[in-house]
Amino acid sequence: MGWVGRLFDARDSFARMVLLDLAGLGYLIFGPLGGSRPPATQWVLAVIAFSLGLVLHRRPLINLVVQTALLAVAIHLVDDTTINQVGASWALLELTMRAEATRTIWLAAAGLAAVALTDSIGEPLPRILAGVVGLLLEVGVPLLLGLVVRTTRELTTQAQQRAAEEQRRRESEARAARADERSAIARELHDVVAHHVASMVLRVGVARHVFTDLDPRVGAVFDDVHGTGTAALADLRRLVAVLRDPDTVRGDAALTAIEPAALPAALGAAVDRARQAGITVEADIDPAIASIDAVRGLAVLRLTQESLTNVAKHAGPSAVARLTVRMLDDAVHWEVVDDGRGPVSAAVPGGGGHGIPGMRERVEVLGGRLTAGPIKGTGWQVRTVLPAAAEGVS
């Protein structure tokens, strides 16, 4: 609506009325060029018009009726009715801009025109014609200006509504597209991945019962594989459920969250799994990590799982790894270092990502930076600092 809308905003009606009253007061004090000082009656009518205009600035219809009545009185009592004419015209402008029904506007304009024409009753024809022409200024101009402002405001509102509807339509289409994509992923996870994991768990369970005289160490491996597969299958089923019905969670962050209080135990379980695979793991875990937010908590867990998996894959089961998780100034300092010795074993703990690139992406989303590379000798180091939630991604 631009400057027109700002100038005639309904919230500024009082300010407009004050300016109009000041202009009228200046007219009374200084008078028209070459004119005489206004009589007391004109002052009284003007002050009443000024005061009621301020009081009734939020009630345009009542204000118009009052100003029109004052104009009718002024026509019969004073010679110069300019103040009351302007007051009635301005009241018509305010009503035209703000009235809900157009019928009210036309009836009010007709009433004001009828009162204004009473000044020409019994006058010669030229005076009557001059009065009719004067209606163009007294009634026509405020009516036209008010209709322009009113139409401009309505067009702006319609444009905003169309823009909002278009935005909602695009968001709805985007949500539908995401829902279709989630459904496709859920079908693939259920039909392919979950099926194969369930098959492996079943076969390991059968093997545990068929081979009754297994070496205890082999039995322990079978138990670990069976437990890992069962846990993975449960995680897959929960993920499929979330993908199919995301409204069951509290937002995107809930897809990648863990209860903070459970984080130390989850890290301990990851370390135990790595030790069962033959890796010597020295863990230095700050108990304060139980107070971090859920998103960073899961990131720490997944980084630990992936790094210990990489140690088992590339350094071998006889390698020595050190896990360090510290809280400093509400930032998580995480590091895994290994000595890089030993042959590679097939029995490795389950990881949580897609290697170093996946770990780096996870860290960068949270506002951190992952560094990974060889250290002196034959070892390998992976480390990062996850900043406080307010600095990263909440």
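Reader: Let's start with L298. Is that residue buried or exposed?

Author: L298 is buried, because its relative accessibility is 8%, and the cut-off for buried is under 20%. Keep in mind that this is a predicted model.

Reader: Okay, and where is L298 found?

Author: L298 is found in helix 10. Its C-alpha atom is separated by 7.7 Å from that of L263, although L298 and L263 are 35 residues apart along the chain.

Reader: Helix 10, got it. What does that helix give to the largest nonpolar core?

Author: Helix 10 gives 9 residues to this core, the most of any element. The core has 32 residues in total.

Reader: Which other elements supply at least two residues of it?

Author: Besides helix 10, there are helix 9 (263-276), strand 2 (320-328), strand 3 (331-338), helix 11 (355-365) and strand 5 (380-386).

Reader: And which residues have the most contacts inside that core?

Author: Those are V325 and W334.

Reader: W334 sounds busy. What is W334 in contact with, leaving aside its neighbours within four places in sequence?

Author: Quite a list: V300, L303, T304, S307, L323, T324, V325, M359, L370, V382, R383 and T384. So V325 turns up again, this time as a contact of W334.

Reader: What other core lies apart from that one?

Author: There's another core of 18 residues, with A108, A113, V139 and L143 among them.

Reader: Back to V325 for a second. Which acidic residue is in contact with V325, R326 and M327?

Author: That's D286, once you leave aside its neighbours within four places in sequence. D286 lies in the loop between strand 1 (280-285) and helix 10 (294-315).

Reader: What's the nearest side chain of opposite charge to D286?

Author: R326, which is 4.4 Å away. D286 is buried and has no salt bridge, because a salt bridge needs the nitrogen and oxygen within 4 Å.

Reader: Then how many salt bridges does the structure hold?

Author: It holds 15. One of them is between R150 and E154, whose closest N and O atoms are 3.7 Å apart.

Reader: How are R150 and E154 placed in helix 7?

Author: They're 4 residues apart in helix 7 (residues 125-210), so about one helical turn separates them.

Reader: And is each of those two buried or partly exposed?

Author: R150 is buried, with a relative accessible area of 9%. E154 counts as partly exposed, at 40% relative accessibility.

Reader: What about R170, which residue does it form a salt bridge with?

Author: With E166, and the closest N and O atoms are 3.5 Å apart. These two are also in helix 7, 4 residues apart, which means about one helical turn lies between them. R170 counts as partly exposed at 41% relative accessibility, and E166 is partly exposed too, with a relative accessible area of 30%.

Reader: Can we look at R273 and D224? How far apart are the N and O in that salt bridge?

Author: The side chains of R273 and D224 meet at 3.4 Å, N to O. This pair links distant parts of the chain, with R273 in helix 9 and D224 in helix 8 (residues 216-244), 49 residues apart. R273 is partly exposed, with a relative accessible area of 25%, and D224 is partly exposed at 23%.

Reader: Which residues are joined into one network by salt bridges that share partners?

Author: E166, R169, R170 and E173.

Reader: Changing topic: how many cavities of 30 Å³ or more does a search of the whole structure find?

Author: The search finds 1. About 40 Å³ of space lies in the largest cavity.

Reader: Which residues line it?

Author: The lining is made of S13, M17, L56, H57, P60, N63, W90, E94 and R98. Helix 2 (13-30), helix 4 (60-77) and helix 5 (82-98) each supply at least two residues of that lining, and helix 5 gives the most, with 3 residues.

Reader: And how much space lies in the second largest pocket?

Author: About 220 Å³. It is lined by 13 residues, and the closest to its centre are N310, V311, H314, D338 and W380.

Reader: Which element gives the most to that lining?

Author: Helix 10 again, with 5 residues. Strand 3 and strand 5 each supply at least two residues as well.

Technical notes: Residues are numbered from 1 along each chain as its sequence is written. This is a predicted model: local features need pLDDT of at least 70, side-chain atom pairs count only at pLDDT 80 or more; totals for chains, interfaces and linings use all residues. Side-chain values use heavy atoms; hydrogens and water are left out. Buried means under 20% relative accessible area, exposed over 50%, partly exposed in between (1.4 Å probe, protein chains only). Lys and Arg count as positive and Asp and Glu as negative; His and the chain ends are not counted. Contact means heavy atoms within 4.5 Å. A nonpolar core is a set of buried Ala, Val, Leu, Ile, Met, Phe, Trp, Tyr and Cys residues joined through side-chain atoms within 4.5 Å. On a 1 Å grid over the protein atoms alone, a cavity is a set of points where a 1.4 Å probe fits but cannot get out, and a pocket is an open set with protein on both sides within 12 Å along at least five of seven lines; lining residues have an atom within 4 Å of a point. Grid points are joined across faces, edges and corners, and a volume is the space filled by probe spheres set on the points.
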